[in-house]
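Reader: Please take me through the hydrophobic interior of this model in detail, and tell me how far the prediction can be trusted in its various parts.

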Amino acid sequence: MKLTTLGTTFFKVKPVQSTQLSDTDKTAIAANTTLDIVAYTEEADHFNVQLAAALQGRDRWYVYAPHVRIVDAAAPPKLKLQVIDSTLLKLKPIQGSQLADTEKAALRGGVELGLLEYSENEMNHYQVKLAEAIQGQDTWYVYVPHVRVLGQDGKPVIVQRAAMGIPSDSGWAWPMKGTSCGPKCEFGFARGRLHAGVDIGGYTPDECYAASGGVVKTVKNDTSGAEGRAIYIQRADGWQHVYFHMRSIAVQPGQAVKRGQLIGIRGGSGFGGEGREIDGGGYSIHLHFEIRKPNGEPVDPRSVLPKDNSCP
Ligand SMILES: [Zn+2]
């Protein structure tokens with residue numbers, strides 16, 4: 001246990017005002033001093049503390065309770081993890097079906113667990129440190145919508161989520177290097193319809209990388225339709241990044257991906273078949289890349305992606 005002084009205060013041999021004590025019966029302790037204590041009791045508005053190391057030959061002192069803070073690592077945790085829906089504790093923030101039995105533990109709805117720490121992971125999971133280990137592990141991931149974190153007052157702790165503006169952090173990168181396929185292949189109206197993304201053409205390599213972190217929501221692994229083989233990835237803030245006309249796909253639905261992770265190979269599927277020229281416009285193989293707001297509305301990817309000359 002640790003005792004920290006919040007302001008300058010006295011350690012005293014009796015729980016009375018320091019002015020009533022002689023100099024030999026008190027000792028001044030500077031603000032923000034932290035001392036190890038082995039035990040303490042509360043007496044009215046004082047703590048009677050037993051110090052790990054004696055001061056002035058004494059190890060037991062009184063101190064005015066409002067002047068100090070005692071942190072007891074062994075005390076019951078103040079936070080609780082409340083399970084709303086039956087869920088899994090997981091060693092990785094991915095779908096439970098992708099984990100071995102030893103990498104997950106089932107929790108029934110309604111269970112409450114002591115919680116030492118938690119943080120929100122990008123993949124819509126909390127990383128939690130439990131007061132008591134389960135299956136020998138105290139640190140786990142748990143899917144955010146299935147649980148609530150309760151504070152000291154027993155009420156849910158509200159996590160302030162990032163504002164839903166254009167993501168302005170460095171969380172985005174171009175999915176590949178390449179070149180514009182021309183003005184009609186930029187975001188905007190062309191040929192009587194909204195072209196809702198940017199086409200990235202140019203010479204190989206054709207490896208395509210996740211433009212941001214997230215969880216793979218949908219994989220369409222066939223060449224039908226205008227999209228051809230397609231990947232839809234959703235960030236924790238609800239924004240989606242979408243990839244059309246792939247030749248092959250290296251990710252699965254539910255998989256968590258990091259920005260810059262290889263997700264597939266650009267190919268020319270869609271618009272009439274594998275490897276053929278696309279969209280009737282004589283374009284060669286390109287990646288059609290979209291960024292969509294949480295409400296599904298597409299935005300110009302160039303307004304979000306860094307201006308780093310990846311795709312001039
Ligand atoms: Zn396109």
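**Confidence, cores and strands**

Author: Residues 272-282 have a pLDDT that stays under 50 throughout, and the model gives this stretch 15 contacts beyond four places in sequence. Here pLDDT is the predictor's confidence in each residue, on a scale from 0 to 100, and two residues are in contact if their C-beta atoms, placed from the backbone, lie within 7 Å. The structure is a predicted model, in which local features need a pLDDT of at least 70 and side-chain atom pairs count only at pLDDT 80 or more, while totals for chains, interfaces and linings use all residues. Residue numbers start from 1 along each chain as its sequence is written.

For the chain, the mean pLDDT is 84, and 88% of the residues score at least 70. Another stretch with pLDDT below 50 covers residues 159-170, which have 10 contacts in the model beyond near neighbours in sequence. Among the elements, strand β21 has the highest mean pLDDT, 95, and strand β16 (residues 188-190) the lowest, 78.

The chain contains one helix and 26 strands; these are DSSP runs numbered from the N terminus, with helices (H or I) of at least four residues and strands (E) of at least two. Of its 312 residues, 30% are buried. A residue is called buried if 20 or more other C-beta atoms lie within 10 Å of its own, exposed if 12 or fewer do, and partly exposed in between, with C-beta atoms placed from the backbone. Among contacts between residues at least 6 apart in sequence, 55% join residues at least 24 apart.

In soluble globular proteins, nonpolar side chains tend to be buried together. A nonpolar core is defined here as a set of buried Ala, Val, Leu, Ile, Met, Phe, Trp, Tyr and Cys residues joined through C-beta atoms within 7 Å. The largest such core has 28 residues, and the members that touch the most others are Ala230, Ile231, Ile233 and Tyr243. Two or more residues come from each of β18 (198-201), β20 (214-220), β21 (229-234), β22 (240-249), β23 (256-257) and β25 (287-292). Strand β22 contributes the most, five residues. Tyrosine 243 is in contact with Pro175, Cys208, Ala230, Ile231, Ile263, Leu287 and Phe289, when residues up to four places away in sequence are left out.

A second core, separate from the largest one, has 12 residues, including Leu115, Trp140, Val142 and Val147. Valine 128, in strand β12 (residues 125-134), touches three of these named residues, Leu115, Trp140 and Val142, along with Leu81 and Tyr118, leaving aside neighbours within four places in sequence. Valine 128 is buried because 22 other C-beta atoms lie within 10 Å. Its C-alpha atom is 8.6 Å from that of leucine 81, 47 residues away along the chain.

Tyrosine 118 belongs to strand β11 (residues 112-120). With 18 other C-beta atoms within 10 Å, tyrosine 118 is partly exposed. Beyond four places in sequence, its contacts are Tyr126, Gln127, Val128 and Val149. The C-alpha atoms of tyrosine 118 and valine 149 are 8.6 Å apart, although the two residues are separated by 31 positions along the chain.

Returning to the strands of the largest core, β18 and β25 are antiparallel and joined by three bridges; two strands count as paired if DSSP finds at least two bridges between them. Valine 198 has phenylalanine 289 in β25 as its bridge partner. Strand β18 also pairs with β15 (residues 179-180), antiparallel over two bridges, and there threonine 179 stands opposite glycine 201 of β18.

Two loop residues deserve a note on backbone geometry. Most residues other than glycine have a negative phi, and most peptide bonds are trans. Asparagine 32, in the loop between β3 (26-29) and β4 (34-43), has a positive phi near 60°. Glutamine 56, in the loop between β5 (46-55) and β6 (58-64), has a positive phi near 50°. Asparagine 32 counts as exposed because it has 10 C-beta neighbours inside 10 Å, and glutamine 56 is exposed with 10 such neighbours. Arginine 58 lies in strand β6 and, with 13 C-beta neighbours inside 10 Å, is partly exposed. Its C-alpha atom is 9.0 Å from that of valine 13, 45 residues away in sequence.
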